[in-house]
Amino acid sequence: MKNTIAQRIADFLKDFPPFDRLTPTQNLFIAQNITVKYLDKNSFIFDAKTPLQPHFYVINKGAVLLQTEINGVDKQLNKYDEGDIFGLRAIFAKESYSMTAIAEEDTILYCIPIEIFRPLAENNRAVGQFLIESFASNTEFPFSTTQQETLFGNATGQIEMSEELFELQPTDYIKKVVTASPDMEIRKVAEKMTEKNIGSIVITEKGLPIGIITDKDLRNNVATGKFGIDAPAKDVMSSPVLCYTKSISIAQAQLSMMKHQVGHLCITEDGTPNTKLIGIVAQNDIIVKKGSNPTILMKAISRTNSTKELRRIRKKTMLLLKGYINQNIPMTLIMRIMFELNDATIKHVIKRCLKKMDSPPPVPFAWMSLGSQGRKEQLLHTDQDNAIIFQNVPDETIDEVRSYFLKLAKKVNKRLDIIGFDFCPGDMMAKNPNWCLSLDEWKHQFTKWTTDTGNDEILLCSIFFDFDITYGDATLTSKLADHIFEITRNNQIFLSKLAASALRSPSPFGFFRQFLVEQDGEYKDHFDLKKRGLMPITDAGRVLAISYRLKNINNTAERFEELARIVPENEELFLSCSYTSKALLKFRTKHGLINNDSGRFIELETLTKEEKMKLKRCFKTIGNVQELIKVKFNVQNF
Amino acid sequence: MSSWFSKNTYPKYWLDYLENFKNPLPKTIRENRFVVIDTETTGFHLDLDRILSIGAVIIEDLEIKVSEGMEVYVKQDKFNPETVEIHGLLRNEKVKTITEEESLKLFLDFIGNSIIVAHHAQFDIGMINSALNRRGLPNLKNKLIDTVDMYRATQIKSNLIYKRKTYKLDDIAYDYGIDLSDRHTAAGDAFITALIFLRTVNKLMAKPKFNLKKLLKL
């Protein structure tokens, strides 16, 4: 029999996630089995006392409010409109409803029976993934991994990798590693290698990898007569070995081997030499693919002698980035790879500029990257923020020394601009004499910022606190970092001011139908993703990192991961924050690539339902962490 | 038409239909099963025109059960080209058609003693009754509700406000913000009518002491 109504409902469903991931036949099957409910404005759908229903809801028309009672006051948690699903989490978790659902307008609901839907959801990973994410948005701490386990026993957050991006898949490693003890005689080691027909052997002690002997080691150390064939393996082995977890991607493995100029990596249980060896990755085993892959780009960067060529390479890097984003590669991985490529580019430029100087640097110095590159979050073409720190020198020579470094900085800044890192409009660059200082001058500068703190100082702090060494003498930056911890240790006033500034852009929690958009100017009616999303979460990460004294972690996601580890009582919130920072960055990158701009402003109409949902979830997390900061730093007084 | 059937010689499907009416209807609106119907016809003349299709939607517990709907297309001996534009049904359209009698059988079995709801109910019921009468069968016995009457009952009662005598399906759907995408298929119109019924009955039930009896008397 023809079924016009079911066809109509299926037509509606197919435009909304997760139904957009199902086939027309599957949607028709769902549509044939639903019931339709009509609700007047303010009528009640379910609450904690309602027995668990055998169906969940899709809004066909109208809007639904989810609220919960806290100390006798109804608090709005979420608002849903056309195409949204709700009431599913409780069913999958087999719990009672935890919230109250009320129709905010006259509403038509489609009730989808769970026994019809469950098999479709369980057999379709994309659907499962969507549901996990959407459930997470209804919880206090979206993104929490514990949520996932309660939904589908077997669902995983893994992302399917395509053939083209094979280098981002985990490396295939050799699991049956041939090993020898450190005391084994070289002759026996060589015999064993010959017997097994292998070019390398890992030296282990109690299962832990302590070194490696390769054909090259035997050639260099034994064949030359340096050691006898009866010397113990430990005398000849290369040590220590580089260790990674088994999740290391092919790209990461390649970069690491290149960086350290080795041909082998050890895979251990936790990625450190302190746990048992479970495998080995050899360079020869990795197929180097042609085209735009990170390895080839990295090689190209290190070999070029032309700034124009670097610009071309950077364009290729953007193509690579686009591919990664489109393929939904995990953001952590993308950030690391892009950071390495940016980092290598900047290092290469500095090296080349140093060669162009008349003389070597008069004293040790370090090139610091600030802001997003300092946080390893720079993906798109954004401004360059950098500074120079040089060793203390006597007062009478400081001007001369500074002028050397300013000259260097001018060359570097100019070339970076050509390559695609635009000049910073605020002149936060090493070529500015204010940001080309000796260690003591920098210390003094930070002390001033943190004791006599106004709005400008807070802004400067937010840029300069995220410094990371890109080139040069790490002891200088390390001393500066120590100094900053020293001066902020008991400086409650400064921390509170910094905290207050982290709250200056409130997250648009109620963004749903009243998305906060810019009121005027070029970006009227656009949503400012940087101001409303990225800045609040970055600022929050920074102030918490300083107050918990996290050293050498500038990446926002990593800061929150570390915070989750050291502050177990807030683990869930901090993990959510880590996810949020990655999700927002991905969002910005994606839209920046689409519009070929910085991705800062987003036109609301271009967002899909799913994207809006993701943003909503991010804003909820930001709201939560801002709440925590407000309380922790007693911000009311500032 | 002639009635060579005596009461004793009614066909089995009609006797089965009558059997349903031995059971009284449930007492409350919510407990009742409503069948919302719409017919597409070759024209508006009860004797000369014929039913092209019947769509019916079930409401139970004040929810529309999509799985239990009915949608039949009737084989035509008579064809009126002028109405094709309205209902969009061509005589030779590739939908499965059944005989008029077959469709009546299915329909009677489907509705049982449920309360029938339709927009301008008299017309749809009239068309079905004509078809029954042509076979020597009496009129439908079900209780009837017209969504036009229901809608009118929700409007403000005042002599100062001009009150229309009738409302088109489109007018009410527009007022309620209901999507009109499948207008002019029997099932699509029945679905729109069902949504209008649900919304209107909700409003009526919000009035004090409103009950089934009052609903049936509108």
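## Chain B: surface and fold

Chain B of this predicted model exposes about 11400 Å². Carbon and sulfur atoms supply 53% of that area. The chain has 218 residues, and 50% of them are buried.

Chain B contains 8 helices and 6 strands. Along the sequence, the order is α-β-β-β-α-β-α-β-α-β-α-α-α-α. Take the contacts in chain B between residues at least 6 apart in sequence: 70% of them join residues at least 24 apart.

## Two aspartates in chain B

B:Asp38 sits in strand E1 of chain B, which covers residues 34–41. Is B:Asp38 buried or exposed? Its relative accessible area is 9%. The cut-off for buried is under 20%, so B:Asp38 counts as buried.

What does B:Asp38 touch, leaving aside residues up to four places away in sequence? B:Ser53, B:Ile54 and B:Gly55 are among its contacts. So are B:Asp124, B:Thr185 and B:Ala186. B:Asp189 and B:Ala190 complete the list.

B:Asp61 lies in a loop of chain B, between strand E2 (51–60) and strand E3 (63–74). The phi angle of B:Asp61 is positive, about 55°, although the residue is not a glycine. B:Asp61 has a relative accessible area of 41%. Partly exposed residues fall between the buried limit of 20% and the exposed limit of 50%, so B:Asp61 is partly exposed.

## Where chain B meets chain A

The contact draws 25 residues from chain B and 20 residues from chain A. Together the two chains bury about 2100 Å². Of this buried area, 55% is on carbon and sulfur atoms.

Which residues of chain B lose the most area to chain A? They are B:Val66, B:Glu71 and B:Phe191. Together these three account for 29% of what the chain B side buries.

## Chain A: overall picture

Chain A has 638 residues, and 55% of them count as buried. It holds 23 helices and 20 strands. Its exposed area is about 29100 Å², with 49% supplied by carbon and sulfur atoms.

Contacts in chain A also link distant parts of the sequence. Among those between residues at least 6 apart, 72% join residues at least 24 apart.

## Backbone details in chain A

Cis peptide bonds occur at two places described here. One joins A:Pro17 and A:Pro18, with omega about 0°. A:Pro18 is in the loop between helix H1 (4–13) and helix H2 (24–32). Another cis bond joins A:Ser239 and A:Pro240, with omega about -5°. A:Pro240 is in the loop between helix H9 (233–236) and strand E12 (243–244).

A:Arg549 has a positive phi, near 60°, and is not a glycine. This arginine lies in the loop between H20 and H21 of chain A. A:Arg549 is partly exposed, because its relative accessible area is 33%.

## The second largest pocket

The second largest pocket holds about 1400 Å³ of space. Its lining consists of 49 residues. Nearest the centre are A:Lys259, A:Phe339, A:Glu340, A:Asp343 and A:Lys376. By class, the lining has 21 nonpolar, 13 polar and 15 charged residues.

Which element gives the most to this lining? H13 of chain A does, with 11 residues. H13 spans 331–356. Other elements of chain A that give two or more residues are helix H10 (250–260), helix H11 (294–303), strand E18 (468–472) and helix H18 (474–488). Helix H20 (529–547) and helix H21 (556–566) do so as well. The loop holding A:Arg549 runs between H20 and H21.

## Enclosed cavities

Rolling a probe the size of a water molecule over the atoms shows where empty space is left. Across the whole structure, a search finds 5 cavities of 30 Å³ or more.

The second largest cavity has about 90 Å³ of space. How many residues line it? The lining has 10 residues, and A:Leu66, A:Gly87, A:Arg89, A:Ala90 and A:Met99 lie nearest the centre. The lining divides into 6 nonpolar, 3 polar and 1 charged.

Note on methods. Residues are numbered from 1 along each chain as its sequence is written. Chains are lettered from A and ligands numbered from 1 in the order in which they are written. This is a predicted model: local features need pLDDT of at least 70, side-chain atom pairs count only at pLDDT 80 or more; totals for chains, interfaces and linings use all residues. Side-chain values use heavy atoms; hydrogens and water are left out. On a 1 Å grid over the protein atoms alone, a cavity is a set of points where a 1.4 Å probe fits but cannot get out, and a pocket is an open set with protein on both sides within 12 Å along at least five of seven lines; lining residues have an atom within 4 Å of a point. Grid points are joined across faces, edges and corners, and a volume is the space filled by probe spheres set on the points. Helices (H or I, at least four residues) and strands (E, at least two) are DSSP runs, numbered from the N terminus. Ala, Val, Leu, Ile, Met, Phe, Trp, Tyr, Cys and Pro count as nonpolar, Asp, Glu, Lys and Arg as charged, and the others, Gly among them, as polar. Buried means under 20% relative accessible area, exposed over 50%, partly exposed in between (1.4 Å probe, protein chains only). Contact means heavy atoms within 4.5 Å. Accessible areas come from the Shrake-Rupley method with a 1.4 Å probe; for residues, only the protein chains shown count as cover. Buried area is the accessible area (1.4 Å probe) that two parts lose on being put together, summed over both.
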